[in-house]
Amino acid sequence: MEQFKTSLVISTYNWPEALELCLKSSLRQTVAPAEILVADDGSDERTAQLIARYRVQTSIPIVHVWQEDTGFRVGSIRNKAIARATGAYIIQVDGDVILHPDFVRDHVSVARPGRFVSGSRVLLGPRYSAGLLANRSIDINAWKKDVSNRLNDAICVNGYNELIQGWGSEDYEFGSRLWHIGVQHFSLKLSGIVYHIYHNVRARDQAVANQVLANLTRSRRLLRCKQGISQYLYPDPETTTLVREVQE
């Protein structure tokens, strides 16, 4: 089924217990990713040790991309991980989710040039999440009471906007620029599923400022951000001509 090399990018920060479940589920996919890149926004040594343990359990390369902890900079570390990726198709998830066994297969099945895909998210409640973490289990029963509801076009739009820091709007702003260059959004329903592990809500003091940036991107139909993935790539894509095939 897989026609091209896929890179699975997992963003994380100092929650190795959740990351372990994400990694375990990544390694039991019916269609395996060609590589896994852990985009680490400054975690301590526990995360590095976890990744080292999982590397010896699989033939799939697991790359640990780490940056210093100077605050919530998920856009920056995702850019750095995507810059290290060797796949033609990027699938990005957070490290606090458990992937359905067909997650990668579902994404690959609808992957097309000029399209970015979002999957489905099932919300796990606090009690169910605690049990999974305690047992280091990835076996999900979606009917439990405590359960509820990218192709490298990323380079063309200069990846995630690193001016957006703290919680909020980084995916919306990124998706807007993809839309502006003609990449169509395709939403998977009841497939491409991840199970989101419950956690306390992060501080949202930057949410309003981030939303302002996202709205400017949308209203001005911006195609690229100034501070993005180009700083981690060589040669710098901004110094080259980017040619995209327009899909009719």
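## Briefing: salt bridges, strands and a few odd residues

Asp171 and Arg78 bring their side chains together in a salt bridge, with N and O 3.1 Å apart. That contact comes from a predicted model, as does the rest of this briefing. The protein chain has 248 residues, of which 49% count as buried. Its secondary structure amounts to eight helices and 10 strands. About 12,600 Å² of the protein chain is exposed, and carbon and sulfur atoms supply 51% of that area.

**The Arg78 network**

- Arg78 also meets the side chain of Asp94 in a salt bridge, this one at 2.8 Å from N to O.
- Asp94 belongs to strand β4 (residues 89-94) and Arg78 to helix α3 (residues 74-84), so the pair, 16 residues apart, links distant parts of the chain.
- Shared partners tie Arg78, Asp94, Glu170 and Asp171 into one salt-bridge network.
- How buried or exposed is Arg78? Arg78 is buried, with just 1% relative accessible area.
- Its two acidic partners named above sit further out: Asp94 is partly exposed at 32%, and Asp171 is partly exposed at 37%.
- Across the model, the salt-bridge count comes to nine.

**Arg136, just past α5**

- Glu20 pairs with Arg136 in another of these salt bridges, where the closest N and O atoms are 2.7 Å apart.
- This one also spans distant parts of the chain: Glu20 is in helix α1 and Arg136 is in the loop between α5 and β8, 116 residues apart.
- Glu20 counts as buried at 7% relative accessibility, while Arg136 is partly exposed at 46%.
- Arg136 is worth a look for its backbone too, with a positive phi of about 55° even though it is not a glycine.
- That residue comes just after α5, in the loop that leads on to β8 (147-148).

**Helix α5 itself**

- Within α5 (residues 126-135), the buried residues include Tyr128, Ser129 and Leu132.
- Those three span an arc of only 100° around the axis, so they end up on the same side of α5.
- Turn to the face pointing away from that buried side and you find the exposed residues Arg127 and Ala134.

**Strand β2 and its neighbours**

- Six of the six residues of β2 are buried, so the strand is largely enclosed by the rest of the structure.
- Both faces are covered: one side carries Glu35, Leu37 and Ala39, the other Ile36, Val38 and Asp40, and all are buried.
- β2 runs parallel to strand β1 (residues 6-12), and six bridges join the two.
- Across that pairing, Val9 is found opposite Leu37 of β2.
- Going from β1 through α1 to β2, the chain makes a right-handed β-α-β crossover.
- β2 also pairs with strand β3 (residues 62-66), again in the parallel sense, over five bridges.
- Here Asp40 has Trp66 of β3 as its bridge partner.
- The route from β2 through helix α2 (residues 45-55) to β3 is a right-handed β-α-β crossover as well.

**The loop ahead of β2**

- Ala32 lies between α1 (16-26) and β2 (35-40), in the connecting loop.
- Ala32 is partly exposed, at 36% relative accessible area.
- Ala32 and Lys5 are 27 residues apart along the chain, and their C-alpha atoms are separated by 9.9 Å.

**Another positive phi: Asn158**

- Asn158 is not a glycine either, yet it has a positive phi of about 70°.
- You'll find Asn158 in the loop between α6 (153-156) and α7 (170-180).
- Is Asn158 buried or exposed? Its relative accessible area is 1%, so Asn158 counts as buried.

**A nonpolar patch on the surface**

- Val208, Val212 and Leu216 make a nonpolar surface patch of about 250 Å².
- Val208 is part of helix α8 (residues 207-219).
- Val208 is exposed, with a relative accessible area of 65%.

Notes: Residues are numbered from 1 along each chain as its sequence is written. This is a predicted model: local features need pLDDT of at least 70, side-chain atom pairs count only at pLDDT 80 or more; totals for chains, interfaces and linings use all residues. Side-chain values use heavy atoms; hydrogens and water are left out. Buried means under 20% relative accessible area, exposed over 50%, partly exposed in between (1.4 Å probe, protein chains only). Helices (H or I, at least four residues) and strands (E, at least two) are DSSP runs, numbered from the N terminus. The arc is that of the directions from the helix axis to the C-beta atoms. Two strands pair if DSSP finds at least two bridges between them. A crossover is right-handed if, with the strands pointing away from the viewer, the path from the first strand over the helix to the second runs clockwise. Patches are made of residues with over 30% relative accessible area and no salt bridge: like charges are joined within 9 Å, nonpolar side chains (Val, Leu, Ile, Met, Phe, Trp, Tyr) within 5 Å. Accessible areas come from the Shrake-Rupley method with a 1.4 Å probe; for residues, only the protein chains shown count as cover. A salt bridge is a side-chain nitrogen of Lys or Arg within 4 Å of a carboxyl oxygen of Asp or Glu.
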